[in-house]
Amino acid sequence: MELPFAESWKIKMIEPIRKSTREEREQWMKEAHYNVFQLNADQVYIDLLTDSGTGAMSDRQWSAMMLGDESYAGASSFFNMKDAITRITGFEYVLPTHQGRAAENVLFSCLIKEGDVCPGNSHFDTTKGHIEMRKAFAVDCTINEAKDTQLEIPFKGNVDINKLEAVLKKDGYRVPFIIMTCTNNTSGGQPVSMQNLRETKALADKYGKKVIIDSARFAENAYFIKTREEGYAEKSIKEICLEMFSYADGMTMSAKKDAIVNMGGFIATNVQEWYDAAKVKNIIFEGYITYGGMNGRDMNALAVGLDENTEFENLETRIKQVEYLGKKLDEYGIPYQRPAGGHAIFVDALKVLTHVPKEQFPAQTLAVELYLEAGIRGCEIGYILADRDPVTRENRFNGLDLLRLAIPRRVYTNNHMDVVAVALKNVFDRRESITKGMEIEWEAELMRHFTVKLKRAQ
């Protein structure tokens with residue numbers, strides 16, 4: 001008999017979590033203005049808001065933290081981190097930042113000007129925010145198949161090469177770079193194929209453009225290339241990563257995901273002109289070029305985390321847990337973006353809350369209902385996150401409206417996933433009775449989903 005799958009690690013330390021009553025949750029949600037970001041962490045039982053900075057570090061990472069060099073300039077911890085990044089990505093120039101959006105802020109401050117057009121595959125919220133705050137335009141060129149949540153294809157995060165070329169033909173003079181998000185978070189944690197990266201780089205070279213990879217979950221993307229793409233089954237994750245980055249000119253990284261640290265990020269590139277410009281911005285925005293908003297101990301932990309999480313067994317354990325939750329939802333007939341993503345399950349709110357008008361934000365409504373049901377916090381990746389069109393100021397309803405259940409790395413057991421699945425089933429079973437959604441009381445001009453205040457629609 002074949003042995004069942006088990007985690008590639010054992011537990012050494014635990015943190016208690018607390019259940020709450022429905023009455024408590026009703027009050028807390030009201031006080032939070034129906035925005036799950038505004039809940040206190042101790043009001044949450046199972047927290048699937050994000051996998052960013054919420055993972056459990058390994059014994060090797062904790063050991064490395066004790067050896068952190070906190071020198072202001074030239075710390076050995078920086079060189080440990082830089083060596084790990086260069087070994088895995090092939091990029092020579094590295095600038096640390098305190099997290100991924102800081103890396104975007106530094107690099108985009110050097111590259112983007114008003115009126116520019118930045119095409120890519122479903123820019124994530126901070127990426128789009130950093131583009132639009134500079135009065136430039138983020139153009140989504142993701143393949144059309146990504147919008148069909150029930151279609152199962154292996155690389156749903158791919159950019160549509162024809163769409164991308166159309167942008168380059170029309171607005172090429174305004175394109176500072178092409179950005180590829182690996183994995184494609186906004187489209188459901190879906191991977192990008194090596195073939196698509198190769199074709200994108202060839203097209204970029206044809207039009208004299210450079211390519212940046214938004215690399216928060218690049219290792220998970222490499223896992224999918226190894227397990228799904230012909231010709232890569234025998235290659236190691238590290239070999240695949242090197243090839244992935246060979247089709248790019250630079251990267252931004254939120255190390256809080258695939259490097260499994262609580263805080264940290266970086267820019268890496270082989271373009272010296274970019275590096276020289278970004279050094280100045282990094283000193284202004286983040287800190288000196290060998291710490292950039294990070295402690296030495298955190299840079300040491302990042303170096304170890306990158307090494308560990310570019311090994312197959314660690315990635316397999318993580319992605320199999322996401323698959324496990326997906327299979328539980330399959331049993332209950334709950335629709336989500338298929339196949340299961342690399343870091344999260346993205347429930348298709350439009351197919352669940354069919355009686356809630358899109359103007360009342362079904363995915364946000366589903367997030368509220370799941371929290372009230374069992375104290376489980378997910379995150380809307382949909383119409384609220386999409387913000388308003390920067391020109392017309394109309395809500396953008398042309399994308400997917402998803403409830404993301406992002407699973408922190410090495411934190412929860414499959415028993416917790418069972419609780420999540422049953423709680424969602426309970427909401428799903430009473431979906432016909434949910435006919436009203438949410439209305440916006442107050443919103444920020446940009447990236448409103450973090451601070452928006454909502455109320456129940458009447």
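Visitor: What makes helix α4 largely enclosed by the rest of the structure?

Guide: In this predicted model, 9 of the 12 residues of α4 are buried, so the helix is largely enclosed by the rest of the structure. Each of the nine falls under the cut-off of 20% relative accessible area that defines a buried residue. They are Gly100, Ala102, Ala103, Glu104, Asn105, Val106, Leu107, Phe108 and Leu111.

Visitor: How do you know what span to expect of α4, and what span does the helix reach?

Guide: The expected span is 1.5 Å times one less than the number of residues. Helix α4, residues 100–111, has 12 residues, and 16 Å is expected. From its first C-alpha to its last, α4 reaches 16 Å, close to that expectation.

Visitor: Why is Lys257 called buried rather than exposed?

Guide: Its relative accessible area is 12%, and the word buried applies under 20%. Lys257 is therefore buried. This lysine lies in the loop between β7 (250–254) and β8 (265–269). An unreviewed UniProt entry annotates Lys257 as "modified residue: N6-(pyridoxal phosphate)lysine"; such an annotation may be inferred rather than shown by experiment.

Visitor: What makes the pair formed by the side chains of Lys257 and Ser254 a polar contact?

Guide: The two side chains are 2.9 Å apart in this contact, and the limit for a pair of N or O atoms is 3.5 Å. The pair therefore qualifies as a polar contact.

Visitor: Which residues farther along the chain does Lys257 touch?

Guide: Leaving out residues up to four places away in sequence, Lys257 touches Asp51, Ser52, Ala216, Arg217 and Arg409.

Visitor: How do you know which strands pair with β8, and in which sense?

Guide: Two strands pair if at least two bridges are found between them. Strand β2 is joined to β8 by 5 bridges, and the two run antiparallel. Strand β7 is likewise joined to β8 by 5 bridges, again antiparallel. Individual partners can be named: Leu95 stands opposite Ile267, Tyr93 stands opposite Thr269, and Met251 has Ala268 as its bridge partner.

Visitor: What makes β2 and β8 covered on both faces?

Guide: In β2 (residues 93–97), 5 of 5 residues are buried. Tyr93, Leu95 and Thr97 are on one side, and Val94 and Pro96 on the other. In β8, 5 of 5 residues are buried as well. Gly265, Ile267 and Thr269 occupy one side, with Phe266 and Ala268 on the other.

Visitor: Why are β9 and β11 said to stand at the edges of their sheet?

Guide: The open sheet has 3 strands in the order β9-β12-β11, with antiparallel pairing. β9 (344–348) and β11 (379–381) each have a single partner strand, so one side of each is left without a neighbour in the sheet. The twist from one strand to the next averages 35 degrees.

Visitor: How do you know that β9 and β12 count as paired?

Guide: The requirement is at least two bridges, and β9 and β12 (residues 402–406) pair over 5, in the antiparallel sense. Within that pairing, Phe346 has Arg404 in β12 as its bridge partner. Helix α12 (residues 312–332) packs on the sheet and touches β9 and β12, its direction making about 30 degrees with that of β9.

Visitor: What makes Arg393 partly exposed, whereas Met447 is buried?

Guide: Partly exposed covers the range between 20% and 50%. Arg393, with a relative accessible area of 32%, is therefore partly exposed. Met447, at 18%, is under the 20% limit and therefore buried. Arg393 lies in the loop between β11 and β12, and Met447 in the loop between β13 (438–442) and β14 (453–456). Neither is a glycine, but each has a positive phi: about 65 degrees for Arg393 and about 50 degrees for Met447.

Visitor: Where are cis peptide bonds found, and what is omega at each?

Guide: The bond from Cys182 to Thr183 is cis, with omega near -5 degrees; Thr183 belongs to the loop between β5 (178–181) and α7 (194–206). The bond from Arg338 to Pro339 is also cis, with omega near -10 degrees; Pro339 belongs to the loop between α12 and β9.

Note on methods: Residues are numbered from 1 along each chain as its sequence is written. This is a predicted model: local features need pLDDT of at least 70, side-chain atom pairs count only at pLDDT 80 or more; totals for chains, interfaces and linings use all residues. Side-chain values use heavy atoms; hydrogens and water are left out. Helices (H or I, at least four residues) and strands (E, at least two) are DSSP runs, numbered from the N terminus. Buried means under 20% relative accessible area, exposed over 50%, partly exposed in between (1.4 Å probe, protein chains only). Contact means heavy atoms within 4.5 Å. A polar contact is a pair of N or O atoms within 3.5 Å; within protein, one must be able to donate a hydrogen and the other to accept it, and residues adjacent in sequence count only if both atoms are side-chain atoms. Axes are lines fitted to C-alpha atoms, for helices over the stretch in contact, and angles run from 0 to 180 degrees between N-to-C directions.
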